Amino acid sequence: MTMWLSLLALNYLSWACLCLAVARHYRQHFGVHPSPVRSRVLRIIGWLTTLLAYAISVRWRDWDIGSVDWCASWMLAAIAWVLLQPYRPRFARWLAFVGGAASLFALIFYPSPTLF
Amino acid sequence: MSETSSGHLKRRTAVTPIYRLAVASRIIAALVGGYLVAYASAALLTVVLPMSRINRVVTASLLSFVVWTVVAIGVFAARNAWRSWWPLLAGGGVMLVLAFVFRNYGMRP
Amino acid sequence: MRNTFRQSMAWLHTWAGLIVSWVLFAIFLGGTLACFDKELDYWMRPALHQLKPGPPSMDAAAKTLRGMAPNAETLYLRPPSDRDPSIRGFAFEPGKPYIDVALNPRDGALIPPTVGGNFFFVLHYNLQAGTLGIYLVGLAGMLMLLALISGVIIHRRVFKDFFVFRPRPGGQRAWLDGHNLTGVLGLPFHLMIAYTGVIIMMSSYMTAGVQIGYRGDMARYYEALSGTSHPVEQHRPPRRVASLDKILGDAVQRLGGAVEYLEIEHIHDASITISALSAGNDEVAGGRRNLIYDGTEGSFRGENEGPPTAYRTYQFLSGLHRVQFGGAAIRWLYFLLGATGCVMLATAAQVWIEKRTRQVEAAGLRSGYGLVRALNVGVIAGMPLASVSLLWANRLLPYELAGRAGMEAQSFCAIWLLATIWGVLRLRHGKPWRDLFGTTAALLFALPLMNALTQPHSSLLASIIARDWVLAGIDAMALPFGLGFAWLAWISTRPPQLARRDPRAAPPRSEAVLPAVETP
């Protein structure tokens, strides 16, 4: 269960970052235009987070099932972010941050025995 | 392309009987003609692929649906509803003939 | 027809999409529910609930199955699993309908028949219409591929509008955004499910390979696929038949995992052979190992060599579609993605109608537009209602009734027909979407109570106490799904929005300029 939540949380965080890296959406959330550096940093974090999620997934359940697990949670996390964002932008961001932090915490301090 | 107040794009061509026939032609070309090309490609691939027989048959079948999709898109993308028949019939025909001519080679284990 | 590539793709997307949308919705709904077909099978068989724990008896089950199909040459028995504790028996007697039964795992007794969750699986792959249905579904799958690809081609702002969803103030833009987001964000799933869905039945749809490679000999083709050769008949009856339970135990040990089914071939002949196929739930492509046992002695003969590479690829693609791997969690994700597909189709139907509001209103109900509206309400609102009704019919039809499985199926069709008729009659002056979604919600809310009243030992409370989470899960899910349909009923009551070109609504500064309407 922890692994699933981690996959979803990391993918969700990834999409949040990738979305906020886009100037139009950054402006909708924060009211100001993002600096190019900030946009790039967000984009990099976004891609790295999902890559991490993929690596964890494959390590957990092998290449075939792991790829499917990651891809399904990737798509659903995107849908969750896009649906939540226009209604509750602050909560959507908070969820990304907390979810991502919690899953990283869980992975580092309580790793699943099948991971390492 | 002009827009009405409801956002509906006004068509450039009127819906004449010729138009309807052209649409029907494209539909039949995409579905039936496309299937024939896909069938022919599966037959030819079963002959030429460098694998064992069972692998050839399965691979050729798997790929045939990609062929069908591409052909169908091509039929609808073509500028002329009637001219899109020629490459289908010609290409499909040639592949089918080749496959049947070399049918015995296609049965190699 | 249009002049540029993009325009012709827009035409194709609109019309291929529309024509296939209703059939595809039924296919998607069936498939989404079929993610939990075995769990629903179990829920719909109260005779299996609260079973005493103990080992299954495959031999008793085989005896019952032989009694039901005395002339069958081959029998299949599926041992109990964590999704379904019954033993499933399959047999084919020439000239008679296919036998598919559930048997009590303790004593092999026949469980009262039901269409089960398998109904949705069958609905999914042939619309409950036999061979014709299989071809219709294949055609629908191909049209879906065309709609997906043309949709990608015409959605030129796919990256710019990737995260865009503007639900307020509603109206056509909100519906189109909903269609785009479910289509784009779920695109890997939709493309995969369409292509893999079509190729699963490729032996039916594309016979060219077998015609050329095997001169049309399907039997030799299947033999080459399975990598096994069939036993040669000895034309005398077997001395004895080995114990299936012992073979199952041995097979599980050798495989280090579950057995999908036992196949008993040449059951009346001394060449009787029993194979155990591994379930392979830890691989997308499923089990590849097939253990062969002597049918008279029960001794292990060996394994077959396993599937050829291309066929393994096929099994992988088929496995991706059927999602029988990886446990319940991944099936939940597929369920949600399948629901996303249903939303994609429903929003598309809504967009199509809303883009043509003037023409639709002018034409009235006795028109092509009226037909579209009727089909929309009948399929999108009616089928979920019929699906929940199937569960109700299962509990309400007496278990002693002969042919009750057929009656369950008939009640599904009857409710669907009634719902469609109601929807059509109420289209002009009523709110049929609200009525049908609302009724679905009500049936879902009442499901656990109805279950408790008709089959107390299957109720939510009883299953929680017995820690039967599969059974409890079905009843437990009725509440959130009921809430979902109640919400759908509520949004159906809101007046339709005509906010397309409202000059008073100035777009907020940070918003981009309203994009041009994209499809005709």
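This is a short talk on how three chains, A, B and C, are built and how they touch in one model.

Okay, thanks everyone. Before anything else, please keep in mind that this is a predicted model, so what I show is computed from it.

Let me start with who touches whom. Two pairs of chains are in contact, and the pair that shares the most contacts is B and C. Chains A and B are not joined by any contact, and their closest C-alpha atoms are 20 Å apart. The other contact I'll get to is the one between A and C.

First, though, the B and C side of things. How many residues does chain C bring to chain B? The count is 38 residues of chain C, in contact with 41 residues of chain B. On the chain C side, several helices give two or more residues each, among them α1 (5–34), α5 (130–154), α7 (187–200) and α12 (309–322). The largest share there comes from α9(C), with six residues. If you care about the chemistry of that side, we have 25 nonpolar residues, eight polar ones and five charged ones.

Now over to A and C. Here 23 residues of chain A meet 23 residues of chain C. On chain A, helices α1 (2–20), α2 (23–30) and α4 (63–84) each supply at least two residues. Which of them gives the largest share? That would be α4(A), with 13 residues. By class, this side of chain A splits into 14 nonpolar, four polar and five charged residues.

Let's look at chain A by itself. You can see five helices and zero strands, so to speak an α-α-α-α-α pattern as you read along the sequence. Its C-alpha trace spans about 45 × 30 × 25 Å along the principal axes. The radius of gyration of chain A is 14 Å, and a compact globule of 116 residues would be near 13 Å, so the two agree. Of those 116 residues, 41% are buried. And if you take the contacts in chain A between residues at least 6 apart in sequence, 75% of them join residues at least 24 apart.

Chain C next. This one has 19 helices and seven strands. Its radius of gyration is 26 Å, and the globule rule gives 24 Å for 520 residues, so chain C is as compact as a globular protein of that length. The C-alpha atoms fill a box of roughly 90 × 60 × 40 Å along the principal axes. Buried residues come to 46% of the 520. For contacts in chain C between residues at least 6 apart in sequence, the part that joins residues at least 24 apart is 69%.

Last topic, the nonpolar cores. The largest one has 175 residues, and the residues with the most contacts inside it come from A, B and C: A:Tyr12, A:Ala16, A:Trp81, B:Ala38, C:Phe25 and C:Leu146. The largest share of this core, 15 residues, is given by α1(C). Have a look at A:Trp81 on the screen. Leaving out residues up to four places away in sequence, A:Trp81 touches A:Tyr12, A:Trp15, A:Ala16, A:Cys19 and A:Ala92. There is also a second, separate core of 29 residues, and that one includes C:Ala62, C:Leu255, C:Leu262 and C:Leu291.

That's it from me, happy to go back to any of the pictures.

Note on methods. Residues numbered from 1 in each chain as written. Chains lettered and ligands numbered in written order. Predicted model: local features only at pLDDT ≥ 70, side-chain atom pairs only at ≥ 80, totals over all residues. Contact = placed C-beta atoms within 7 Å. Helix = DSSP H or I, 4+ residues; strand = E, 2+ residues; numbered from the N terminus. Nonpolar A, V, L, I, M, F, W, Y, C, P; charged D, E, K, R; others polar. Rg over C-alpha atoms; globule rule 2.2 N^0.38 Å. Buried ≥ 20, exposed ≤ 12 C-beta atoms within 10 Å, placed from the backbone. Core = buried A, V, L, I, M, F, W, Y, C linked by C-beta atoms within 7 Å.
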